Amino acid sequence: MRHLISIDDLTDDQLRHIVERGVGFATGRNGAARPLAGQVVGVYFRRTSTRTRTAFSSGAMRLGAHLIAYGPDDLQTNTGETTQDTGKVFALMLDALVARTADDPAEMRGWADQDRMSVINAMSSDEHPTQALADLVTLQRRFGAVDGLRVLYVGEGNNTATALALALARFSDVELEFRTPPGYGLPEELLGRAAERARRTGSSVTERHDMDEGTAKGFDVVYTTRWQTTGTSKPDPDWRRIFQPFQVTERLWEGNPEAVFMHDLPAHRGEEVTAEVLDGPASIAFEQAAGKLHSAMAVLEWCRAG
Ligand SMILES: NC(=O)NCCC[C@H](N)C(=O)O
């Protein structure tokens, strides 16, 4: 029985194992075993979700589990029960809980303070670890290896960005460059931690707050994310003016002709990315969405049976 709350909870070997198993589910190499047969998985999404909820629900059922799905208004937390008590009850009856809160991760850590039910973070305010795992599965399938890739991330330093930083820093000779709008970067502590990890593996994680397509050259991957991160608001009324130069357009392909385009989705054509890029030949955004199912299966298997 294991939990997955942060990429940082995984050893390098565990991270690579989950990615390998994810690739195996994607390619049919893992066979049709049902390691979760007879288990019950709770899927609790307090915030909107299309891919992550479907990936974990579909993945759990494909692995043989039964499901209970809770929406934001279903639980007695709405009539004043504490989330701590809610977690205690879940652990009496569920084998795994997949939860999206977009809130303080301390809540999930509290739920995980027992050794019966696995807790899987389907996005908290600080990190989106299962998105990074889906991205790694997608990259490994597309390039054969994550090691050695040059990745440019353009957009807000949100939960997806932090998970990617922690995950890519574990691989060798990776160059990960963030271009985040001024005032909307990654948390300093996390960036420092990822950069430190990266140094040990001969990789680099850096961040800049300017965006001029001419200075971003030679990347294998261009990645972006939506401008309105779940559970956050932008107090600055002028934020769109600050974000506009960070829109991913075809001009980025002048210096990065071989790059694939990735997006954690949902996409907003005309905001963070143009339709030409998202729907164009470089885009693997929906291949990446498919990777969410295969990585979710690998996470469930690792938490319950690995
Ligand atoms: N792939 C996803 O899980 N997409 C939904 C979340 C996207 C973004 N990181 C957000 O926080 O709004």
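**Ligand pocket briefing**

Let's start with the site itself: the ligand takes up the space of the largest pocket. Keep in mind that this is a predicted model. The predictor gives the complex an ipTM of 0.98 and a pTM of 0.98, and the protein averages a pLDDT of 97.

**Who surrounds the ligand**
- The ligand has 16 residues around it, and the closest are His128, Asn159, Thr230, Asp264 and Leu265.
- Sorted by class, that shell comes out as nine polar, four charged and three nonpolar residues.
- Both domains chip in: domain 1 (7-128 + 292-304) and domain 2 (131-289) each supply at least three residues to the shell.

**Polar contacts and cover**
- On the side-chain front, a polar atom of arginine 226 sits 2.8 Å from an oxygen atom of the ligand.
- Threonine 160 also uses its side chain, with an N or O atom 3.0 Å from a nitrogen atom of the ligand.
- Aspartate 264 works through its backbone instead, placing an N or O atom 2.8 Å from a ligand nitrogen.
- As for cover, the ligand on its own has 340 Å² of accessible area, and the protein covers 97% of that.

**Confidence**
- If you want to look residue by residue, 100% of the residues score a pLDDT of at least 70.
- As a general reminder, predicted coordinates should not be read in detail where pLDDT is low.

Key:
Residues are numbered from 1 along each chain as its sequence is written. This is a predicted model: local features need pLDDT of at least 70, side-chain atom pairs count only at pLDDT 80 or more; totals for chains, interfaces and linings use all residues. Side-chain values use heavy atoms; hydrogens and water are left out. A residue is near a molecule or strand if one of its heavy atoms lies within 4 Å of it. A polar contact is a pair of N or O atoms within 3.5 Å; within protein, one must be able to donate a hydrogen and the other to accept it, and residues adjacent in sequence count only if both atoms are side-chain atoms. Accessible areas come from the Shrake-Rupley method with a 1.4 Å probe; for residues, only the protein chains shown count as cover. On a 1 Å grid over the protein atoms alone, a cavity is a set of points where a 1.4 Å probe fits but cannot get out, and a pocket is an open set with protein on both sides within 12 Å along at least five of seven lines; lining residues have an atom within 4 Å of a point. A molecule sits in a cavity or pocket if more than half of its atoms lie within 2 Å of its grid points. Ala, Val, Leu, Ile, Met, Phe, Trp, Tyr, Cys and Pro count as nonpolar, Asp, Glu, Lys and Arg as charged, and the others, Gly among them, as polar. Domain bounds come from an automatic or database domain assignment. pLDDT is the predictor's confidence in each residue, from 0 to 100.
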